[in-house]
Amino acid sequence: MSSPTGKSAERATGPGAHAAGSPDTPRGRSRRTLPSPLRHLLFAALGLAAVTGLLLVTGDLTALRLAAVGYTMLAVAGLQLLVGGSGQVSLGHGAFMMIGAYTMTLLVLHQPMLPIAANLLIIVAVSAVAGIAVGAATARLHGPYLAGATLILAVGLPGLTHRYHEFLGGSNGLNIRTAGAPPFLQGVFTDSEWKALVVWTTVVIGLAVLATISSGRLGRRMRSLRDDETAAAMAGVPVGKTKVVAFVIASAAGGLGGGLQAYVLGTATPSSFTLVLSLTLLAALVFGGIGSLWGALWAAVTVVYLQIWATDLARSLELGRNVENNLPVVFFGIVLILVLRFWPLGLHGALTRLGARLRPPTTR
Amino acid sequence: MTHFINLTLNGLATGAAYAALALSLVIIYQATRLVNFAQPALALVAVYTAYTVTGITGSYWLGFAAALTAGLVAGAAVERFVIRPIARVSQLNAIIVTLGLLLVVQGLVGMVWGNEQHGFRYAFSYVGRFAPSSVFALVSVGAVALLLFALYRFTPLGLRMRAAAFHPEAARLSGVRVGLMLTAGWAIASCIGALAGMLAGPPFISPNVFDVVFVYGITAAVIGGLDNPFGAVVGGLLIGLGMSYVSGYAGPELATLTALAIVVVVLSVRPDGILSRPTARKV
């Protein structure tokens with residue numbers, strides 16, 4: 001569907017992240033002559049065009065699902081930079097989505113005149129600040145200790161909505177109404193399609209930024225940290241600073257994803273940012289393939305569509321409410337375990353290997 | 001003052017459950033260098049087994065025994081059939097698989113018993129200050145910690161388990177069946193996890209009942225040092241006390257974030273937990 005976007009990402013992280021195929025085909029070399037931000041923006045534009053085309057030929061329901069794929073993908077891509085890039089395992093990514101979502105609803109409620117672009121920029125700023133706070137506090141933690149600390153964040157943060165009930169709406173959360181398509185596009189796009197378009201515009205820009213970071217010096221520094229912290233420090237990489245920066249970028253991407261979710265769904269409730277969300281994001285990332293931004297795409301598609309299919313399946317089999325409510329989670333868990341059992345590099349790893357096998361051997 | 005004493009006693013009793021869960025995490029971490037996020041799921045299986053058995057037979061203690069057995073079996077099965085094939089490949093993948101397992105088991109429990117809450121009995125009366133059930137929690141966890149210490153220190157099985165964790169290759173050369181020892185470690189850990197579930201479950205159980213307990217358990221394990229069983233017990237009691245004071249004086253919503261603050265502060269001062277020994281490394 002939106003493969004061009006993903007392709008830019010793959011170019012960016014491919015060589016450094018995992019030993020996939022042969023990146024130095026002639027085609028690849030000619031592409032590399034473009035400066036990296038420009039190349040990523042070009043692919044972003046192509047991706048956006050593809051999504052727009054898809055939106056125009058499909059209906060409202062698909063638009064909402066595509067939007068869900070978009071914001072999930074952005075959040076997972078941020079996590080990819082953090083976990084796959086710098087090697088810090090965060091179990092609290094949902095907390096940053098929650099910060100983004102609540103920032104969005106509060107902005108719409110209290111500053112209704114601000115345009116959506118301004119809202120999104122403010123969300124990036126707010127979640128980046130939250131990321132600095134958490135990242136600086138946890139910069140000394142490593143491995144399972146960091147995972148434990150972020151896990152607590154994911155569980156603890158929703159409790160704040162009960163503490164500040166008047167301001168954050170308690171367990172009912174906050175509801176907003178966001179504007180649909182502007183008047184001159186009323187006939188072309190429905191409101192849902194317009195929202196999906198806004199989401200994907202933001203997502204492709206965000207992905208282009210992430211891909212640029214990942215292919216640049218910062219990305220290289222992060223990967224050096226992931227592989228060997230001591231060696232990286234010896235080579236002059238500022239360890240603490242790079243870790244915090246990775247955390248901040250991931251938080252900003254997560255926050256933006258959450259903000260877009262609130263924009264599409266028109267609501268932010270503590271019950272949608274549970275521990276399960278954070279775990280699902282990380283699990284989906286590993287499932288999709290941790291080594292490249294492509295993985296984020298497979299992850300997002302899987303999370304969104306597996307949920308829908310499993311719910312449909314349970315409904316059509318008429319298995320009762322208990323089974324129906326729990327089938328998506330069980331289904332996801334089983335698929336996750338099986339994929340990791342048989343394809344340790346995730347879906348993207350499996351696809352890369354398949355591609356390498358299909359390619360004629362002369363190009364190697 | 002009475003309020004303070006009540007909070008202290010309550011904190012110790014809940015802390016016992018956190019300590020048990022932390023202990024089960026630490027045993028598995030020592031054996032396989034893996035934080036077992038499926039631990040609450042295993043405890044969930046155990047507790048729902050107890051719920052069913054108690055419902056059928058009417059005896060709490062039959063249910064209790066069934067829970068511990070279920071924990072033991074589930075832990076061994078998970079290690080043998082799910083973790084071992086994957087842990088060989090990648091550490092991160094093994095962690096993610098325990099997460100997947102958590103999702104699957106929580107979902108399955110919800111499918112079988114429903115997502116709604118069920119009433120669940122305490123072992124003893126829970127009325128009054130320092131009720132029998134609280135005493136039971138503290139005593140049972142203390143006994144488990146001592147038994148564990150004795151197992152590791154004085155029995156051949158414990159020696160083999162330590163050897164398998166410390167240096168798998170050398171242990172294998174001297175005839176220790178390393179795989180079997182790992183399975184044994186997981187079984188013992190899950191059995192203790194089941195005990196934690198039986199202590200922390202009442203008065204109501206639901207598929208998500210252990211999420212928060214698990215968070216405090218992992219907090220306890222982390223501040224005690226993931227490598228140290230005694231650290232886990234101390235950490236559990238400390239977290240129990242801390243959460244009890246925070247909930248009593250400041251409000252229960254802040255308890256989890258306080259736990260985060262405690263973790264960050266403790267680990268900034270001692271990156272490997274309170275009871276860690278500084279590790280010397282040859283360069």
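**Figure 1. Overall form of chain B in the predicted model.** A compact globule of 283 residues would have a radius of gyration near 19 Å, and chain B, at 19 Å, agrees with that expectation. The C-alpha trace of this chain spans about 55 × 45 × 35 Å along its principal axes. Of the 283 residues in chain B, 53% are buried, and among its contacts between residues at least 6 apart in sequence, 74% join residues at least 24 apart.

**Figure 2. Secondary structure and confidence in chain B.** Chain B contains 11 helices and 2 strands, which follow one another from the N terminus in the order α-α-α-α-β-α-α-α-α-β-α-α-α. The average pLDDT of chain B is 83, with 96% of the residues scoring at least 70. Within this chain, confidence is highest in helix α2 (residues 39-57), at a mean of 89, and lowest in strand β1 (residues 118-119), at 79. For the model, the scores are ipTM 0.79 and pTM 0.81.

**Figure 3. The side of chain A that touches chain B.** Here 39 residues of chain A are in contact with 41 residues of chain B. On the chain A side, at least two residues each are supplied by α6 (116-138), α7, α8 (159-163), α14 (275-288) and α16 (321-342), and the largest share, 13 residues, comes from α16 of chain A. Sorted by class, this side of chain A has 27 nonpolar, 9 polar and 3 charged residues.

**Figure 4. Helix α7 of chain A, residues 143-156.** This helix has 14 residues and reaches 20 Å from its first C-alpha to its last, which is close to the 20 Å expected at 1.5 Å a residue. Because 13 of its 14 residues are buried, helix α7 of chain A is largely enclosed by the rest of the structure. Helix α7 is also among the elements of chain A that each supply at least two residues to the side touching chain B.

**Figure 5. The surroundings of A:A246 in helix α13 of chain A.** The residue A:A246 lies in helix α13, which covers residues 239-265 of chain A. With 28 other C-beta atoms within 10 Å, A:A246 counts as buried, since the cut-off for that class is 20 or more. Once its neighbours within four places in sequence are left aside, A:A246 is in contact with A:L81, A:L82, A:G85, A:S86, A:Q88 and A:M222. The C-alpha atoms of A:A246 and A:I213 are separated by 9.9 Å, and these two residues are 33 residues apart along the chain.

Terms used. Residues numbered from 1 in each chain as written. Chains lettered and ligands numbered in written order. Predicted model: local features only at pLDDT ≥ 70, side-chain atom pairs only at ≥ 80, totals over all residues. pLDDT = per-residue confidence, 0-100. Helix = DSSP H or I, 4+ residues; strand = E, 2+ residues; numbered from the N terminus. Buried ≥ 20, exposed ≤ 12 C-beta atoms within 10 Å, placed from the backbone. Contact = placed C-beta atoms within 7 Å. Expected span 1.5 Å × (residues − 1). Nonpolar A, V, L, I, M, F, W, Y, C, P; charged D, E, K, R; others polar. Rg over C-alpha atoms; globule rule 2.2 N^0.38 Å.
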